[in-house]
Amino acid sequence: MRNCLRKLASILVRLSYTDFMINPFFANKFEQAVKVTGCPLCFMRQQAESKYIHSIIADHINDPASRVHIINSLGYCPTHTWKIAEVEKKEDGESLGTSIIYEHLTLVIRERLEKLKKYPKTLTQNNPLLKQVQKYLPQQASPSASLRTDTPCRVCVMAAESDDSYVRWLLEGLSDPNNDETRRLYRQSNRLCFDHLRQSLDKALPASAAGLEFLLEDSLDMLKALDSDLRVHISKYDYDKKAPRSEAEQFSWLRAVYFFAGRREGENPKPEFSDRQEN
Ligand SMILES: [Zn+2]
Ligand SMILES: [Zn+2]
């Protein structure tokens, strides 16, 4: 009986340890992310994207499966097209990988565009009979259909997978009843952006409900303070109410942009970017 109880206790300890222990991989990255300007999870996603892009260029550029995906998705979304070019140039000082990707893609687009060369002439054709017949034919695809794709950008897909893990790990860390290290670190950050807050709501589980509760309370406090600072900031534009603004008031509009838009890639404006103090 005593052995049974001991076994049960060890299972319970193990279960609670597994459920609540902050993921060490996440903890390490989160500690760095709370020090940067803007949403820490946006920063972590951007770092994961850079790492993934580097692996595409370094190891998978000539891998047939990767190439098929690149062609099926017609390259990458505009954000990641720029990022691939910039990451390779910044890290390797060259552009061989970018050139290989786009040499192949240029060839594919050229072939598809060749097939569309006759299309402008069909616009000027005035054949009443053909117009009558077309009414009864199935709706034609748009002229640019062969130049579009439903296959998403591979980096966007990977970034969404990273986001999913990071949001879940953050919630787990914030739910740890025996260790408030994640909460302490989170309070040092510029807080989650609107999108990551919404993701937290959608990804919380029973085991991470306490973490979500903490995030919601913290976000409400943050938004209440932001609203108040924005009001005062606006009121001090009135000629007769001009008075020195506190740092929080001066920075309020930029805090609002960070919350609604998230952290942007690369350099992010710091509080000093805010309105100049007018006395
Ligand atoms: Zn974010
Ligand atoms: Zn993308």
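**Reading two zinc sites in a predicted model**

Reader: Is Cys 153 buried or exposed?

Author: Buried means under 20% relative accessible area, exposed means over 50%, and partly exposed lies in between (1.4 Å probe, protein chains only). Cys 153 has a relative accessibility of 7%, so it counts as buried. This is a predicted model, in which local features need pLDDT of at least 70, side-chain atom pairs count only at pLDDT 80 or more, and totals for chains, interfaces and linings use all residues. Residues are numbered from 1 along each chain as its sequence is written, chains are lettered from A and ligands numbered from 1 in the order in which they are written, and side-chain values use heavy atoms, with hydrogens and water left out.

Reader: Which residues are the protein donors of the zinc ion (ligand 2)?

Author: Donors are N, O and S atoms within 2.8 Å of the metal (3.2 Å for Na, K and Ca); water is not among the atoms, so sites may look incomplete. For ligand 2 the protein donors are Cys 77 (SG), His 80 (ND1), Cys 153 (SG) and Cys 156 (SG), at 2.0 to 2.4 Å. His 80, in helix α5 (residues 78-92), and Cys 153, in the loop between α8 (128-134) and α9 (154-175), are 73 residues apart and link distant parts of the chain. His 80 is buried at 5% relative accessible area, and Cys 77 is buried at 19%.

Reader: What arrangement do the four donor atoms around the zinc ion (ligand 2) make?

Author: Four donors count as tetrahedral if all angles lie between 85 and 135 degrees. Around ligand 2 the angles are 96 to 117°, so the arrangement is tetrahedral.

Reader: What are the protein donors of the zinc ion (ligand 1)?

Author: Ligand 1 has Cys 39 (SG), Cys 42 (SG), Cys 193 (SG) and His 196 (ND1) as protein donors, 2.1 to 2.3 Å away. The site of ligand 1 is tetrahedral, with angles of 101 to 116°. Its donor residues follow the spacing C-x2-C-x150-C-x2-H. Cys 193 and His 196 are both buried.

Reader: How many disulfides does the structure hold?

Author: A disulfide is a covalent bond between the sulfur atoms of two cysteines. The test used here is a pair of cysteine sulfur atoms within 2.5 Å. The structure holds zero disulfides.

Reader: How many helices and strands are in the protein chain?

Author: Helices (H or I, at least four residues) and strands (E, at least two) are DSSP runs, numbered from the N terminus. The protein chain has 14 helices and zero strands. Trp 169 is in helix α9. Contact means heavy atoms within 4.5 Å; leaving out residues up to four places away in sequence, Trp 169 touches Asn 23, Phe 25 and Phe 26. Asn 23 is 146 residues from Trp 169 in sequence, yet their C-alpha atoms are 6.4 Å apart.

Reader: Which helix has the lowest mean pLDDT?

Author: pLDDT is the predictor's confidence in each residue, from 0 to 100. Where pLDDT is low, the predicted coordinates should not be read in detail. The protein chain averages 87, and 89% of the residues score at least 70. Among its elements, helix α1 (residues 2-20) has the lowest mean, 46, and helix α11 (residues 194-203) the highest, 98. Over residues 5-19 the pLDDT is below 50, and this stretch has two contacts in the model beyond near neighbours in sequence.

Technical notes: Four donors count as tetrahedral if all angles lie between 85 and 135 degrees; four count as square planar and six as octahedral if opposite donors are over 155 degrees apart and all others between 65 and 115; anything else is irregular.
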